[in-house]
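Biologist: Could you take me through one part of this model in close detail? I'd like to hear about the internal cavity and the charged contacts around it.

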Amino acid sequence: MLGIRLSSSFQSFSPYSNQLISKIISDLFPKDHIAVVEGAVEETTHLLGLKFDHIHFTGSPKVGKIVMEAASKNLTDITLELGGKSPAVIDKNVNLKQVVKNLIWAKFVNAGQTCIAPDYILAHRHQKHQIEELFRKELEEAFGSDPLNSPDYARIINESQFERLKEGLESAKNLGAVIISGGRLDAKLNYIEPTVITNVAATNPLMTDEIFGPILPIVYYSQNQEAIDFINSKEKPLALYIFSKDSNFSKHIIRHTSAGSTCINDAMIQIMHPNLPFGGINNSGIGQSMGKFGFKSFSHERAVADVKIMPVSSMFWFPYTEKTNKMIQWIRRLF
């Protein structure tokens with residue numbers, strides 16, 4: 001089966017990762033089995049014009065639509081992993097300190113540049129004061145008073161992504177957003193401090209587009225239905241996180257929303273489970289990968305019927321009679 005794996009990041013964004021992947025693959029496989037092609041739009045466009053049995057793409061919904069359109073010309077099977085705005089819903093009765101620590105790790109590992117990082121928080125309105133104080137305290141506990149000097153905190157991958165995040169943050173502040181913690185930037189280092197923010201305008205890019213960076217908006221709700229309606233007002237996310245001690249609350253959120261995957265009382269660990277599929281739904285992706293699910297997605301289950309004694313079709317030879325009808329009824333009972 002001839003397949004291709006495309007990634008938006010496997011271009012000029014991460015040259016050292018490209019080199020390492022190329023070396024590993026070239027050391028293990030002959031080029032006529034697996035080949036690594038580095039490049040950007042021109043190279044990707046050329047590859048998409050070729051005929052493959054399967055295309056696996058990781059990137060944005062915008063580029064995913066281009067890949068899907070190109071695949072349709074050859075009716076090529078596809079798997080798309082496209083990300084999206086993954087919410088974290090916090091119930092009223094939780095260990096809020098533990099939840100905040102969970103969310104800090106999941107959001108700020110690799111400076112938020114992971115596809116299933118929590119994109120925004122939905123917290124109950126009565127938690128406002130406590131959750132904001134906890135974020136200030138636990139962020140300092142995690143990265144120190146100046147995360148710029150933390151050995152555990154990453155930088156934004158390139159200048160263009162830094163500028164995108166900077167513009168979103170500045171636009172949010174200009175429209176009345178309030179920074180709870182963080183907010184400092186250094187353009188020379190592509191550094192954005194772990195930032196928690198609230199009161200972000202609904203039209204701001206931080207609330208309309210996948211953030212893919214270390215900025216975490218908090219939206220407050222009063223009734224559970226408000227949180228559900230907020231999630232459903234956006235495209236279906238790649239991941240949904242629920243924090244609750246009440247299984248009925250978790251089941252209600254799951255039943256009335258849709259997401260590629262869901263994790264209860266933790267974040268991002270669902271991708272580590274070997275027996276769970278990984279993939280999005282609609283705008284956040286098509287198809288599944290990881291483990292046996294990826295093996296099935298990237299291969300073709302070919303049906304082979306080998307008749308050993310006599311052709312089964314001979315039992316249905318013309319003309320059709322009552323005997324034919326009885327034979328069909330008998331076969332139906334078998335299945």
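Modeller: Here is a walk through the cavity, then the salt bridges, then a patch on the surface. Keep in mind that this is a predicted model. Searching the whole structure turns up one cavity of 30 Å³ or more, and its volume comes to about 40 Å³. Among the residues lining that cavity are Gly84, Lys107, Thr114, Asp119, Glu210 and Phe212. Sorted by class, the lining has three nonpolar, four polar and three charged residues.

Asp119 deserves a second look. Besides lining the cavity, Asp119 makes a salt bridge with Lys85, with 2.2 Å between the closest N and O atoms. Asp119 sits in the loop between α4 (96-108) and β5 (120-124), and Lys85 in the loop between β3 (77-81) and β4 (87-90), so this pair ties together parts that are 34 residues apart in sequence. Asp119 counts as buried because its relative accessibility is 2%, and Lys85, at 8%, counts as buried too.

The structure holds eight salt bridges, so let's set two others beside that one. Lys128 and Glu132 pair up at 3.1 Å, N to O; both belong to helix α5 (residues 128-143), four residues apart, or about one turn. Here Lys128 is partly exposed at 36%, whereas Glu132 is buried at 8%. Asp306 and Lys308 also form a salt bridge, with their closest N and O atoms 2.9 Å apart, and both residues are exposed.

Finally, the surface: Leu20, Ile24, Leu28, Phe29 and Ile34 form a nonpolar patch with about 470 Å² of accessible area together. Phe29 lies in the loop between α1 (15-28) and α2 (41-48) and is partly exposed, at 37% relative accessibility.

Key:
Residues numbered from 1 in each chain as written. Predicted model: local features only at pLDDT ≥ 70, side-chain atom pairs only at ≥ 80, totals over all residues. Heavy atoms only, no water. 1 Å grid on protein atoms, 1.4 Å probe; cavity = no way out; pocket = protein on both sides within 12 Å on 5 of 7 lines; lining within 4 Å. Points joined across faces, edges and corners; volume = space filled by probe spheres on them. Nonpolar A, V, L, I, M, F, W, Y, C, P; charged D, E, K, R; others polar. Patch = residues over 30% accessible without salt bridge, like charges linked within 9 Å, V, L, I, M, F, W, Y side chains within 5 Å. Areas by Shrake-Rupley, 256 points an atom, 1.4 Å probe, with all protein chains shown as cover. Salt bridge = Lys/Arg side-chain N within 4 Å of Asp/Glu carboxyl O. Helix = DSSP H or I, 4+ residues; strand = E, 2+ residues; numbered from the N terminus. Buried < 20%, exposed > 50% of the residue type's maximum accessible area, 1.4 Å probe, protein only.
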